[in-house]
Amino acid sequence: MVLCGILLLAFLIMVWGLQQDSLWNDEAWTAWAIRSPYLYTILERVRGDVHPPLYFLVMGALNHMSGDSVLALRWPSALFGMLGLAATYAAGRRLFNRRTGVAAVVVLASHSFFVYYTREARMYSLLLALGAITTLLYWRWLQRPTWWRGAAYGLTLAVLLYTHYAGLLIIATHAAHLVLTIITPGPNRIRWLQVPLPYTFGAILFAPWLPILLQQLRANPNGPLAIPVITDWGAVAALFMIITSGHWLLMAIPLVIGSKLPALSRDASALTLVILWLVVTPIGLLAANAWIAPVYQVRYTIALLPAGALLLGYGLSHIRLSRLRGWLNGVLQKPVETGFMIILGVWLVYTQLAMYTEFWPSKPDWEATMQAIQAARHPLQPIIADFAPYSPASYYNRRLGLTNGLALDLSWRLHDALEVKKFVGAFQDAPSVWAALPVNTVKSWQIVSALDASRNAVYRSSLGNMIFYRFDIGNRNDLQFRFGDLLRYTENVTANDVLTIHAGKRLCIELSLQSLGIIDNSYSYGLHLVDLTENIDAAQHDEGLGEHEINEVIELAPCLDVPTETAAGHYHLELTVYNWATLKRLPVVEDGYGEGVGWGDILMLAAVEITD
């Protein structure tokens with residue numbers, strides 16, 4: 001009953017904030033990937049990603065029953081979290097004792113890392129649950145290696161790999177422990193002939209996906225499409241801070257108090273397994289990140305959380321207040337130790353939950369942003385939209401109907417400057433025209449530039465990688481851009497102007513910038529000639545900005561030598577400002593209301609037509 005009560009409280013913690021935040025990029029990708037009645041389509045979308053398919057197939061099946069609301073997308077993660085808690089208790093009971101299992105559930109259920117990902121429509125709570133389940137089945141098979149136990153363990157290994165490739169490190173944990181068991185004499189020693197069964201069975205089950213895994217590796221040689229994290233002491237310290245909730249000394253107290261544990265020799269093999277479970281995944285990911293490809297993300301380590309909880313639970317369950325024995329009789333000794341364990345456990349719970357907002361900030365509020373635009377726009381006011389189908393903006397557009405009414409969808413392909421002028425010109429008589437566009441794209445700059453040439457921007461908003469504007473007939477060319485708080489671009493943006501040049505010739509332009517603060521020698525600017533796909537950089541010019549005082553006008557006249565082998569076609573000029581030591585670009589901001597509207601980190605100057 002105590003365990004049931006703990007699980008109920010854990011479930012309430014998970015679902016309390018289940019719909020509090022909007023979906024963010026990865027969750028919107030999940031909603032898009034499973035939004036098809038055809039299994040083949042879901043598999044094709046996952047095939048083009050960097051993850052295996054199991055989670056998305058499960059979500060696709062549930063989508064047919066419960067829809068794709070925020071609640072419907074996230075409740076399976078809470079369910080998987082509950083399975084992870086149950087499996088952690090079962091592992092603690094079998095590896096050690098019942099008290100360890102209960103204490104581990106308390107620690108894990110209140111961990112901010114765990115709670116956050118039980119509220120997210122991704123596969124990470126399922127990865128954690130399967131990490132605990134496979135470890136439990138591994139231990140059962142190790143204790144009595146029957147054919148059925150080996151087959152059950154092998155099946156879960158395949159399921160683990162079909163959920164996330166980081167599950168391979170859980171398998172490596174078991175393999176390391178198995179080798180130690182084989183070479184160490186003892187009652188749990190397993191024979192070499194019994195080893196291949198579960199791993200062979202798991203490999204056979206995973207083999208059909210292996211060619212697709214290799215294809216994903218070839219398509220993404222630089223790792224997953226996330227911001228890479230460098231393997232250094234900073235990454236190690238950040239992970240350690242998250243795992244310990246910023247209070248490593250508090251986490252160590254149960255182990256210190258129970259350091260002279262009489263059960264250490266008896267539980268040596270189980271403790272070795274838990275410690276390997278705790279360290280192999282982060283070491284493996286950080287090592288691969290440093291020497292193979294940038295694959296490390298903190299969330300990929302989530303499967304180690306049950307191990308940390310079990311280790312703390314083991315310490316809590318063996319608390320011995322030996323100094324009390326001199327003045328407490330045997331009747332009071334046990335209750336006092338139990339009470340101290342409960343107090344320390346409550347302290348751990350409070351500490352972990354209190355750090356939630358420190359480590360896991362709120363997601364961008366896409367729903368409120370889109371609702372505000374929907375409320376401000378009349379359906380007969382035309383809107384030019386470019387929503388990536390897998391973006392949060394696209395998800396909330398489907399839910400709220402932002403583009404209902406008169407709308408022009410330009411998301412289906414790339415467009416050159418002349419096409420954009422034609423599209424925008426179709427609305428020249430409309431009193432108001434809306435634009436909902438992604439940042440750092442040629443199309444967005446050309447659309448807004450064309451609208452700004454004859455209209456006044458009366459509504460401005462941005463969130464994440466999207467900008468939202470309304471242009472009314474009136475004053476024109478009122479958009480002004482700056483690079484962070486360092487430089488202002490003093491000219492009007494004319495991104496839809498078309499320059500024509502022959503391949504092999506030199507392209508020179510003039511730029512005028514104004515310093516908004518003191519500029520030292522740390523900054524450079526880059527002028528790039530890029531094709532519409534943003535993949536081909538035909539020519540570039542990078543140069544230091546030098547030192548400048550506040551409000552100084554900086555005149556630049558860079559030239560680009562266009563190679564003779566450059567293919568004819570549509571290109572554009574991009575301007576960036578960056579710190580040359582770190583290569584970090586300054587954000588491009590349009591001076592709208594308040595703090596301005598974020599436009600990414602590229603300012604587009606003009607369209608360029610290269611001819612033979």
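**Burial, enclosed space and ring geometry in a predicted model**

Analyst: In this predicted model, the lining of the second largest pocket consists of 18 nonpolar residues, six polar residues and no charged residues.

User: Which residues lie nearest the centre of the second largest pocket, and which element gives the largest share of its lining?

Analyst: Tyr165, Ala166, Leu213, Leu217 and Val295 lie nearest the centre, out of 24 lining residues. Tyr, Ala, Leu and Val count as nonpolar, so these five belong to the nonpolar class. Helices H10 (167-183), H12 (210-219) and H15 (268-291) each give two or more residues to the lining, and H12 supplies the largest share, with four. The space in this pocket is about 660 Å³.

User: What makes the largest cavity a cavity and not a pocket?

Analyst: A cavity is a set of points where a 1.4 Å probe fits but cannot get out, whereas a pocket is an open set. The count under this rule is one cavity of 30 Å³ or more, and the largest cavity holds about 30 Å³ of space.

User: Why are two residues of the lining of the largest cavity classed as charged?

Analyst: The lining comprises Asp416, Ala417, Gln446, Leu532, His570, Tyr571, Ala607 and Glu609. Asp and Glu count as charged, and therefore Asp416 and Glu609 fall in that class. His is not among the charged types under this rule, so His570 counts as polar, as does Gln446. The division is four nonpolar, two polar and two charged residues. Strands S15 (569-579) and S18 (603-611) each contribute at least two residues to this lining.

User: How do you know whether tryptophan 445 is buried or exposed?

Analyst: Tryptophan 445 has a relative accessibility of 2%. Buried means under 20%, so tryptophan 445 is buried. Phenylalanine 481 also has a relative accessible area of 2% and is therefore buried.

User: Why do the rings of tryptophan 445 and phenylalanine 481 count as a pair, and is that pair stacked, edge-to-face or tilted?

Analyst: The centres are 4.9 Å apart, and rings pair if their centres lie within 6.5 Å, so the distance qualifies. The planes stand at 45 degrees; stacked requires under 30 and edge-to-face over 60, and the pair is therefore tilted. The count of aromatic pairs comes to 26.

User: What makes this pair a tie between parts of the chain?

Analyst: Tryptophan 445 belongs to helix H22 (residues 442-452) and phenylalanine 481 to strand S6 (residues 481-483), so the pair joins parts that are 36 residues apart in sequence. Elsewhere, Phe113, Tyr116, Tyr117, Tyr124, Tyr300, Tyr356 and Trp360 form one aromatic cluster.

User: Why is the set that includes Phe387 called a nonpolar core?

Analyst: A nonpolar core requires buried residues of the listed types, Phe and Leu among them, joined through side-chain atoms within 4.5 Å. The largest such core has 121 residues, of which Phe56, Leu85, Leu95, Leu305 and Phe387 touch the most other members. Helix H8 (residues 124-143) gives the most to this core, with 12 residues. Another core, of 61 residues, lies apart from it and includes Val433, Ala450, Leu507 and Ile509.

User: Which residues does phenylalanine 387 touch beyond four places in sequence?

Analyst: Phenylalanine 387 touches Met370, Ala393, Ser394, Asn397, Leu402, Thr403, Ser411, Ala436, Met466 and Phe468.

User: How many residues of the protein are there, and what share of them is buried?

Analyst: The protein has 612 residues, and 52% of them are buried.

Notes:
Residues are numbered from 1 along each chain as its sequence is written. This is a predicted model: local features need pLDDT of at least 70, side-chain atom pairs count only at pLDDT 80 or more; totals for chains, interfaces and linings use all residues. Side-chain values use heavy atoms; hydrogens and water are left out. Buried means under 20% relative accessible area, exposed over 50%, partly exposed in between (1.4 Å probe, protein chains only). Contact means heavy atoms within 4.5 Å. On a 1 Å grid over the protein atoms alone, a cavity is a set of points where a 1.4 Å probe fits but cannot get out, and a pocket is an open set with protein on both sides within 12 Å along at least five of seven lines; lining residues have an atom within 4 Å of a point. Grid points are joined across faces, edges and corners, and a volume is the space filled by probe spheres set on the points. Rings of Phe, Tyr and Trp (its six-membered ring) pair if their centres lie within 6.5 Å; planes under 30 degrees apart count as stacked, over 60 as edge-to-face and the rest as tilted.
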